[in-house]
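Please brief me on this protein chain. I want its annotated domain, its open and enclosed spaces, and a few of its helices.

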Amino acid sequence: MKGEYHVTNAPIWQWSAVDTAKAIRENEVTSEQVVRAHLDRMKEANPALNAVVVDLGASAMQAAKAADEALAASKRGGGAVGPLHGVPVTIKINIDVEGQANSNGVVAFRDNIAPGDSPVTANLKKAGAVIIGLTNTPEFSLRGFTDNPLHGLTRNPWNADVTCGGSSGGAGASIAAGIGTIAHGNDIGGSLRWPAHCNGIATIKPTQGRIPAFNPSATAERPLMAQFMSSQGPLARHVADVRLGLEVMAQRDPRDPWYVPAPLTGPKPAGPIKVALAKIPEDMTTDRGVIALQRKAADHLADAGYAVSEVEVPDLNKVWQLWCDLIMTETRVLQQDQMLATTSADFQKTFRGFMALANPLDQAGYMKAIAERSRHIRNWMTFLEQYPLVLMPTTVRKTPEVNADLGGDQRVKDLFWNDLRFISSMNVLGLPAAVVPVGLDEGLPVGVQIVGSRYREDMCLDAAEAIERKAGILARQLWQRR
């Protein structure tokens, strides 16, 4: 039957976003067929995962029908449609979708109905995307593990006993399972990159200011450093889809004063492009299989013509501590009372672990820390002049068990200081960082992180694609196991 299989001879829900959009534009399938295929996949896969926690199937089918009508009209009139016309996507439940509750995983916010769309939502709709559901996040999106009293625990599709990551854990699990072609997520300490690693998919944490952000439902502005450390972004199974999602999400919106209209493609450096393979700090406890796969990614880049050298990156430990001190100081001063009044005992246990990792800053200390941030950014920008890309771990250890951060302050420290130090450090610097899977270790996905200079997401994604060409699309191995 027309539309059931694409040229790849795979079910519709397994197609890439790029292929799906092309097939719709060329009338190979209708948007209604595509959206129905993804909703059927969600009905099949989501009960075991709890990745999509708000099913927007009814409105999605209406939007798909409208997309098909609009495409027919555009062909009659010679007009163009958007790059994601009729393509199903998901939105993380911590940004505004008009008419839906932005709960951010908090029971007290279950009726926080968005009066309008966030810039990311608006940009996806303008590109023609069809939103099929909202994905899960931990309370206040402030844990690396996706569970909350409102919507419950999200499972990893590779292994239900290990975490799907967080805070964009619902987004990561849904994409790996084949629910939607592109998922929206965001990242203030690793919340795009950690779930991408755990679920064996790709993502990009863009440069601060690349993708506009704002929630019309918000009653107060976020603290300054939280604004500077947080990025919106896409998760997908294919790097090409991440690139397409970035292009769509990065359209201008006047509601974000920090938005920067930088070009998505910059000048190509003289080859071969030098890549710094980040040395692992001696105090880190590592797992041999995970590190071996990260070194395999370095070999893939070398095979693709990159010049890879193992070097020490600038001030990693101090950069991570600065991130922790700044974000926890802002949270303690401006948000802690509300958080503790509205959250579960599980959240509060992890929250105490985070606070134990941070140096509490007074007014002068906070101002000095902001000033110190500029020095670190300058050091990294100078380093990136010599090595335009840095290949580094997402984590140096195996993916931990579900809700591992509930094991007390020392367990929180082990996870976020030892295992994930390379991830959260990048947020305080505001640099772009892609994650791409490189293989499996004991049946679980392992990804690597590629960091570039400001507004050079294109170079990060180019390198990610070079790794992907060797490693393949990891989700296909997951589907073959089923």
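The briefing below covers the domain, the pocket, the cavities and three helices.

This is a predicted model. UniProt, in an unreviewed entry, places the feature "domain: Amidase" at residues 34-461. The largest pocket has a volume of about 1300 Å³, and the largest cavity holds about 180 Å³. Helix H10 gives the most to the lining of the largest pocket, and H10 also gives the most to the lining of the largest cavity.

**Domain**

- Residues 34-461 are 43% helix and 15% strand.
- The end C-alpha atoms of this stretch lie 27 Å apart.

**Largest pocket**

- The lining counts 49 residues.
- Asn215, Ala218, Ala220, Arg222 and Gln335 lie nearest the pocket centre.
- Strand E4 (182-187), helix H7 (224-229), strand E6 (231-236) and H10 are the elements that give two or more residues to this lining.
- H10 supplies seven residues here.
- By class, the pocket lining has 19 nonpolar, 22 polar and eight charged residues.

**Cavities**

- The model has four cavities of 30 Å³ or more.
- The largest cavity is lined by 19 residues.
- Arg143, Gly144, Gly189, Ser191 and Phe416 lie nearest the centre of the largest cavity.
- H10 and H14 each supply at least two residues of that lining, and H10 gives three.
- The lining of the largest cavity divides into ten nonpolar, eight polar and one charged.
- The second largest cavity has a volume of about 80 Å³.
- Residues lining the second largest cavity include Leu277, Ile291, Arg295, Glu310 and Met392.
- Strand E7 (274-278), helix H9 (288-303) and strand E9 (389-393) each supply at least two residues of the second lining.
- The second lining divides into seven nonpolar, one polar and two charged residues.

**Helix H11 (residues 345-357)**

- At 1.5 Å a residue, the 13 residues of H11 should span 18 Å, and the end C-alpha atoms are 19 Å apart, which agrees.
- Phe347, Thr350, Phe351, Gly353, Phe354, Met355 and Leu357 are buried in H11.
- Cover for these buried residues includes helix H10 (316-342) and helix H13 (409-419).

**Helix H14 (residues 421-429)**

- H14 is mostly covered, with nine of its nine residues buried.
- The buried residues of H14 include Arg421, Ser424, Ser425 and Asn427. Phe422, Ile423, Met426, Val428 and Leu429 are buried too.
- Gly430, just after H14, takes a positive phi of about 70°.

**Helix H15 (residues 457-471)**

- The 15 residues of H15 should span 21 Å at 1.5 Å a residue, and the end C-alpha atoms are 20 Å apart, which agrees.
- H15 is mostly covered, and twelve of its 15 residues are buried.
- Among the buried residues of H15 are Glu457, Asp458, Glu465 and Glu468. Met459, Cys460, Leu461 and Ile467 are buried as well.
- Cover for the buried residues of H15 includes strand E5 (202-205), helix H8 (239-249), H9, E9, strand E10 (433-441) and strand E11 (444-452).
- H9 and E9 thus recur: they cover buried residues of H15, and each supplies residues to the lining of the second largest cavity.
- Gly472 follows H15, and its phi is positive, near 80°.

Notes. Residues numbered from 1 in each chain as written. Predicted model: local features only at pLDDT ≥ 70, side-chain atom pairs only at ≥ 80, totals over all residues. Heavy atoms only, no water. UniProt positions renumbered as here; feature names shortened; annotations may be inferred. Helix = DSSP H or I, 4+ residues; strand = E, 2+ residues; numbered from the N terminus. Expected span 1.5 Å × (residues − 1). Buried < 20%, exposed > 50% of the residue type's maximum accessible area, 1.4 Å probe, protein only. Contact = heavy atoms within 4.5 Å. 1 Å grid on protein atoms, 1.4 Å probe; cavity = no way out; pocket = protein on both sides within 12 Å on 5 of 7 lines; lining within 4 Å. Points joined across faces, edges and corners; volume = space filled by probe spheres on them. Nonpolar A, V, L, I, M, F, W, Y, C, P; charged D, E, K, R; others polar.
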